[in-house]
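Got your viewer ready? Load the model, set it to cartoon, and keep the selection box handy.

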Amino acid sequence: MSSVKGPGDRIEARCTRCNDVTGHVIVALVGGQVVKVECCACGSVHKYYPPKTEKVAVDDGVRRVRAGTDRRQALASSSPRAAAPSRSQARAAAAAAAVENAWRTAMERPSAPAARPYTMGMPLQQGDVVEHATFGLGTVQSVIRPDKAEILFRDGVRTLRCVC
Ligand SMILES: [Zn+2]
């Protein structure tokens with residue numbers, strides 16, 4: 001890139017006085033490398049500092065985010081530090097797994113009655129199994145009189161209407 005440049009050419013560089021990347025004019029080259037530049041913004045003549053050095057960390061982060069189809073995937077695929085799930089994510093995953101385990105255990109128990117399609121007006125008692133149009137199979141954990149039941153579905157406990 002610097003090979004096509006010569007003294008008097010414009011070049012982007014980091015200016016120590018402006019503390020920013022500004023347009024500079026090349027003052028001196030050594031062996032094809034720019035060594036001295038003059039800042040077009042403040043006029044100071046100084047050593048050439050490539051514009052990228054300070055931005056590497058930022059650019060790197062941007063690239064990581066763009067590497068995958070979404071942010072989490074991008075971070076997971078390219079950054080070992082970010083790949084580890086956060087403590088709250090891990091807790092949420094563990095809680096979800098615990099719920100699913102409890103649900104599976106309840107659904108597979110030998111005494112489980114046959115599933116009935118859930119309706120708001122159905123009579124329910126503890127241990128009943130329902131099949132909800134949205135939530136799927138669930139088992140009644142407890143009834144809350146006069147008209148609600150706590151039902152354990154695969155993704156968690158929901159309080160739904162029923163006839164107790
Ligand atoms: Zn400057």
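What follows is a walk through the model, stop by stop.

**Before you click**

This is a predicted model: local features need pLDDT of at least 70, side-chain atom pairs count only at pLDDT 80 or more, and totals for chains, interfaces and linings use all residues. Residues are numbered from 1 along each chain as its sequence is written.

**The whole chain**

Start with everything shown. You have 4 helices and 9 strands here, where helices (H or I, at least four residues) and strands (E, at least two) are DSSP runs numbered from the N terminus. Along the sequence the order is β-β-β-β-α-α-α-α-β-β-β-β-β.

Now color by burial. Of the 164 residues, 13% are buried; that label takes 20 or more other C-beta atoms within 10 Å of a residue's own, while exposed takes 12 or fewer and partly exposed is in between, with C-beta atoms placed from the backbone. If you draw a contact map (C-beta atoms, placed from the backbone, within 7 Å), residues 24 or more positions apart account for 25% of the contacts with a separation of 6 or more.

**Select 10-30: the opening hairpin**

β1 (10-15) and β2 (20-30) come up together. They run antiparallel, joined by 6 bridges; strands count as paired if DSSP finds at least two bridges between them. For a spot to zoom in on, take Ala-13, which stands opposite Thr-22 in β2.

The hairpin has 4 residues between its strands. Click Asn-19 in that loop: its phi is near 55°, positive in a residue other than glycine. Most residues other than glycine have a negative phi. Asn-19 counts as exposed because it has 9 C-beta neighbours inside 10 Å.

**Extend to 47: two more turns**

Add β3 (33-39), which pairs with β2 in the antiparallel sense over 6 bridges. Label His-24 and you can find its bridge partner, Cys-39, in β3. This hairpin leaves 2 residues between the strands, and Gly-31 in the turn has a positive phi of about 60°.

Next comes β4 (45-47). Its link to β3 is antiparallel too, with 3 bridges, and Lys-36 has Lys-47 as its partner in β4. Here 5 residues sit between the strands, with Gly-43 at a positive phi near 80°.

**Pick Pro-51**

Pro-51 lies in the loop between β4 and α1 (56-67). What does Pro-51 contact, leaving aside neighbours within four places in sequence? The list is Glu-12, Ala-13, Arg-14 and Val-21, so the loop residue meets the opening hairpin you just looked at. Put a distance monitor on Pro-51 and Val-21: 30 residues apart in sequence, they are 5.8 Å apart C-alpha to C-alpha. Pro-51 is partly exposed because it has 16 C-beta neighbours inside 10 Å.

**Select 87-108: helix α4**

How far apart are the end C-alpha atoms of α4? They are 31 Å apart, which agrees with the 32 Å expected for the 22 residues of this helix; the expected span is 1.5 Å times one less than the number of residues. With your burial coloring still on, α4 is hardly covered: 1 of its 22 residues is buried.

**Last stop: Pro-146**

Jump to the loop between β7 (136-144) and β8 (148-153), where Pro-146 has its place. Check the omega of the bond joining Arg-145 and Pro-146: about 10°, a cis peptide bond. Most peptide bonds are trans.

Conventions. Contact = placed C-beta atoms within 7 Å.
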